[in-house]
Amino acid sequence: MAKRVLITGAAGFLGSHLCDKFIANGFYVIGMDNLITGDLKNIEHLFGLENFEFHHHDVTKFVHIGGDLDYILHFASPASPIDYLKIPIQTLKVGSLGTHNLLGLAKEKDARILIASTSEVYGDPLVHPQSEEYFGNVNTISPRGVYDEAKRFQESITMAYHRFHRLETRIVRIFNTYGPRMRLNDGRVIPAFIGQALRGENLTIFGDGSQTRSFCYVDDQIDGIYKLLFSDYTNPINIGNPHEITIKEFAQEIVNLTGTNQKMIFKELPQDDPKQRKPDITKAKNILNWEPKVSREEGMKKTYEYFKALSPQELEKKEH
Ligand code: NAD
Ligand code: UDP
């Protein structure tokens, strides 16, 4: 009998790639999503498969699954700053109430649960690069705080279930990940810049562009998450690509990649936008025997191909 795995946020960017990974490895996958930021087209190729089913459901409401469950991967949550500024209460609820429901379900089914946390638990970090031991620098009351604090609560309640109920838990702290199936207009920097280049618009750099990020290709991220789930490690672990770049340099890379001649324009830096971010992945290397393999050049080429193939209607669709 195939092992059964529930993936929340299944119609989103990472959730849909996780569905593919578990299907390819012979699991029975139950995808769940309320489609608030996701899109069924990310998983439409799975509909009709014998080992896939989809539940349109909001995980902040009681979650019921019939039959056995071996694993739960909780990936439901708005993930782009623009999304969670637009839907702050839902963001707080999915990280808190949603996580509570899924931990309860894991306990009921005696399933192992992996929670998607984030580098945002480090806030605007005062320590660089960020190792798992760093407690972070988060402004609880800023607009961005809704996401960061939901994720910090999520980690706390997960560890409490682990300690108190002896639940098998895993926590991945995901650093900026990119690739096909990101939403073109979700406001995150990679789809934003590629969309602007494809539409012939100026690239919008927030602030002076000196802030840094370190971008991880989706296949590497999914590999790390998969390894973590099947490891024995219960404390949070960073998964990301330590290759750091300033946003201004990155904009130049996009201009080179797309062969366009776009200008860069500077806009106001969003409140509490982290000035620097780079994962320390020593633990992932030593404990999971994982490290990223895809260079930014290779990953960005694949990502650009994906966006280039979108229809003109999709390209012009503006949400924000
Ligand atoms: P995404 O927006 O593409 O996917 C999130 C999915 O969750 C969407 O399909 C959305 O409809 C669904 N969802 C949201 N609230 C829900 C609810 N209450 N009930 C059911 N479904 C709900 O984002 P993503 O980039 O795929 O992120 C997935 C997870 O990974 C999130 O938890 C996010 O915090 C985490 N993460 C992602 C990154 C990244 O770089 N992509 C970085 C850090 C953490
Ligand atoms: N950014 C930018 N222009 C854009 C979108 C984002 O300069 O059009 C910047 C943003 O201010 C941040 C970085 O790019 O410093 C990464 O932003 P993103 O939203 O992708 O992710 P974050 O790491 O901030 O969650």
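Is the crossing of H5 and H7 left-handed or right-handed? The views below come from a predicted model, and the first one settles the matter.

**View 1. Helices H5 and H7 where they pack together.** The crossing of these two helices, H5 and H7, is right-handed. On the H5 side, the contact is made by Val189, Phe193, Ile194 and Ala197, and they meet Ile247, Ala251, Ile254 and Thr258 of H7. Sorted by class, the contact of H5 with H7 has seven nonpolar residues, one polar and no charged ones. H7 covers residues 247-258, and the axes of H5 and H7 lie 10 Å apart at an angle of about 40 degrees. The two helices are therefore oblique to each other.

**View 2. The surroundings of ligand 2.** Here you can find 15 residues around the ligand, and Arg188, Val189, Ala192, Thr204 and Phe206 come nearest. Helix H5 (189-199) and strand S8 (203-206) are the elements that give two or more residues to this shell. S8 supplies the largest share, three residues. By class, the shell around ligand 2 holds seven nonpolar, five polar and three charged residues.

**View 3. The surroundings of ligand 1.** Of the 28 residues around this ligand, look for Gly9, Gly12, Phe13, Gly38 and Ala79, which come nearest. Two or more residues of the shell come from each of helix H1 (13-24), helix H3 (88-109) and strand S5 (112-118). H1 gives the most, with three residues. Nonpolar and polar residues number 13 each in the shell around ligand 1, and two residues are charged.

Methods
Residues numbered from 1 in each chain as written. Chains lettered and ligands numbered in written order. Predicted model: local features only at pLDDT ≥ 70, side-chain atom pairs only at ≥ 80, totals over all residues. Near = placed C-beta within 6 Å. Helix = DSSP H or I, 4+ residues; strand = E, 2+ residues; numbered from the N terminus. Nonpolar A, V, L, I, M, F, W, Y, C, P; charged D, E, K, R; others polar. Axes fitted to C-alpha atoms, helices over the stretch in contact; angles between N-to-C directions. Parallel < 35°, antiparallel > 145°, perpendicular 65-115°, else oblique. Left-handed = near helix turned anticlockwise from the far one by under 90°. Contact = placed C-beta atoms within 7 Å.
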